[in-house]
Amino acid sequence: MDRFKLITEYIKDEIRGSRFDNHVFAVGGSVRDLLMKNTIKDIDLVIDIENGGVEFAKFCMERGLLTHDVVIYERFGTAMFKFTEFPDDEIECVMTRGEKYPDRNSRNPETVFAGIEEDCIRRDLTINALYYNISTGEIVDMVGGLKDIEDKVIRTTNENPDIVFDDDPLRVLRVVRFATRYGWEIESKTYASMKKYVDRLEIISKERIKDEFNKILLSDNATMGIRTLCDIGAMKYIIPEVNEMIGMEQNAFHFGDVFEHTMALLDYDTKHFKDGDFAVRLALLLHDIGKIRTRSVGDDGRVHFYDHEFVGSEMVVDILKRLKYDNKTIDTVQFLVKNHMRTKSFGNDCEKIKPKSFNKLAYTCKNVYLYKALARVIDCDNNSHKKEHNITGQYDYFVNHMRMREALKMFNYKLPVNGNDVMDVLNISGGLLVKKVLDILLNRAFPNPDTLTRESCLKQIPKIAMEILKKEKKLFVENFCKFE
């Protein structure tokens, strides 16, 4: 807020007496956040003069106020620049304008100069259509944004919300995002129109949908956002598989259906872990997605989801690729979903865990981030069953206990021998046998990796190889008489 005041006072002084005096307004998020006393991230300006955005930028440049040449987008009449006085703050300015959408299946509007009233109406929400007159410090509110902030209501600027969502259906998701961000109610006419126009999301790119979804999922009210997306029918354009979790009955260890269990995980995470980790949030949402493909009922009437974590981890790849997520995010979420059941047998305070199991888990995680992220996902899952079946002590054991120091040793653990050593001992040139020998050596290292020396490994290699060949005829034929 202080930064906002400094920058706007600076602009006020520079435009005093010029043709821009009383014509430059801060608008949108910065004004909303100013009034709500939130952190202000970006300052957008509108100038109610034809081609005002570009002209104002040139005015500032001619006066030597800017760090570099202006970036101008002629088609939209937009200019971006930084003041030398405030080099860390990028300013975007544009003339007040109206928009027309001649093609309903495109998000490329025609923009024309318009007065501030029309500029206001073309914006999506009343709370984003507040103007701050930089010359006077006056708040200009033409659509009731101030009252909506006071009443904690999300509402479109246009009295006919259909126009807002028909022009740009992505606004359906933006409404959910803002309602979720603040935990506010969506005005009834706005909500009804969102349902009416939700199917126009099919013309919006997956990348733009993903960006809005990311912000919803990272909110402290993430479950509110997910429930709203499902209720209005938007989830089928994001992750339709989530809809299939609704109403899916679970076993006796759970309360509610798969969807309610999943919402409980997200609620637990937002309550107990204040840093919004997006990969973790995605993993929480999708951790049981495999249940929609693996549900079965035994002869005794009990519900089972055998191997749902493995099936789910494969589904995650398809889902996230469809939404154009990067490979790192996909790999992380897949790992967390695949391993979220790993510690169920360890007991409430990990009293049943053996060194081998712990070391193997830590080795699988490879680094501190994945280790802590998995512990977090597991903790949310452990505490979202029926109360009597919750496992409450594992997270503290893994992260705050001495086990954390032990885990650090395993993240970069390497056997004292490698594939070349195996080939030398066995007098072979490579193949699957080498990998299988190394896998067995690694498994023998897990109980106490410090005791497995290079010398002991070299001694064990021939015997391990012979045991493998006795069990696997194909490998025996491939390596017959290659070593004694």
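These exercises work through a predicted model, each with a stepwise solution.

**Exercise 1. The sheet**

Task: State the order of the strands in the open sheet, and find which strands stand at the edges.

Solution:
- Step 1. The open sheet is built from seven strands, ordered S3-S4-S5-S2-S1-S8-S9. Its pairing is mixed.
- Step 2. Look at the edges. Strand S3 (71–73) and strand S9 (139–141) each have a single partner strand, so one side of each lacks a neighbour in the sheet.
- Step 3. Add the twist. On average, neighbouring strands of this sheet are turned by 30° against each other, direction ignored.
- Step 4. Take one pair in detail. S4 (residues 78–83) and S5 (residues 86–95) run antiparallel and are joined by six bridges. Met80 stands opposite Glu92 in S5.

**Exercise 2. Helices on the sheet**

Task: Find which strands helix H1 and helix H3 touch or lie across, and at what angles they run.

Solution:
- Step 1. Helix H1 (residues 2–15) packs on the sheet. H1 touches strand S1 (24–27), strand S2 (43–47), S4, S5 and strand S8 (130–133).
- Step 2. The direction of H1 makes about 60° with that of S5.
- Step 3. Helix H3 (residues 52–62) lies across S1, S2, S3, S4 and S5. H3 runs at about 25° to S4.

**Exercise 3. The nonpolar cores**

Task: Name the residues with the most contacts inside the largest nonpolar core, then list what Phe56 touches.

Solution:
- Step 1. Recall the trend. In soluble globular proteins, nonpolar side chains tend to be buried together.
- Step 2. The largest nonpolar core has 144 residues. Leu45, Phe56, Ile226 and Phe398 have the most contacts inside it.
- Step 3. Focus on Phe56. Not counting residues up to four places away in sequence, Phe56 touches Ile11, Ile15, Phe20, Val24, Leu45, Ile47, Phe81 and Cys93.
- Step 4. Another core, of ten residues, lies apart from the largest one. Among its members are Phe25, Cys120, Val140 and Val143.

**Exercise 4. Two helices by length and burial**

Task: Check the span of helix H22 and of helix H15, then list the buried residues of each.

Solution:
- Step 1. Helix H22 (residues 432–445) has 14 residues, and at 1.5 Å a residue should span 20 Å. Its end C-alpha atoms are 20 Å apart, which agrees.
- Step 2. In H22, the buried residues are Leu433, Val434, Val437, Leu438, Leu441, Leu442 and Ala445.
- Step 3. Apply the helix rule. An α-helix has 3.6 residues a turn, so residues three or four places apart point the same way.
- Step 4. Helix H15 (residues 308–322) has 15 residues. From first C-alpha to last, H15 reaches 21 Å, close to the expected 21 Å.
- Step 5. Buried in H15 are His308, Glu309, Gly312, Ser313, Met315, Val316, Val317, Ile319 and Leu320. These pack against helix H11 (241–245), helix H13 (278–286), helix H14 (291–294) and helix H16 (327–339).
- Step 6. Just after H15, Lys324 has a positive phi of about 65°.

**Exercise 5. Two residues**

Task: Is Thr180 buried or exposed? What joins the side chains of Arg227 and Glu260?

Solution:
- Step 1. Thr180 lies in helix H7 (residues 170–182). Its relative accessible area is 1%, under the 20% cut-off, so Thr180 is buried.
- Step 2. Beyond four places in sequence, Thr180 contacts Ile216, Ser219, Asn221, Ala222, Met224 and Gly225.
- Step 3. Arg227 sits in helix H10 (residues 222–232). With a relative accessible area of 34%, Arg227 is partly exposed.
- Step 4. Arg227 and Glu260 are 33 residues apart in sequence, and 9.9 Å apart from C-alpha to C-alpha. A polar contact of 2.8 Å joins their side chains.

Methods. Residues numbered from 1 in each chain as written. Predicted model: local features only at pLDDT ≥ 70, side-chain atom pairs only at ≥ 80, totals over all residues. Heavy atoms only, no water. Pairing = 2+ DSSP bridges. Helix = DSSP H or I, 4+ residues; strand = E, 2+ residues; numbered from the N terminus. Axes fitted to C-alpha atoms, helices over the stretch in contact; angles between N-to-C directions. Contact = heavy atoms within 4.5 Å. Buried < 20%, exposed > 50% of the residue type's maximum accessible area, 1.4 Å probe, protein only. Polar contact = N/O pair within 3.5 Å; in protein donor to acceptor, adjacent residues only side chain to side chain. Expected span 1.5 Å × (residues − 1). Core = buried A, V, L, I, M, F, W, Y, C linked by side-chain atoms within 4.5 Å.
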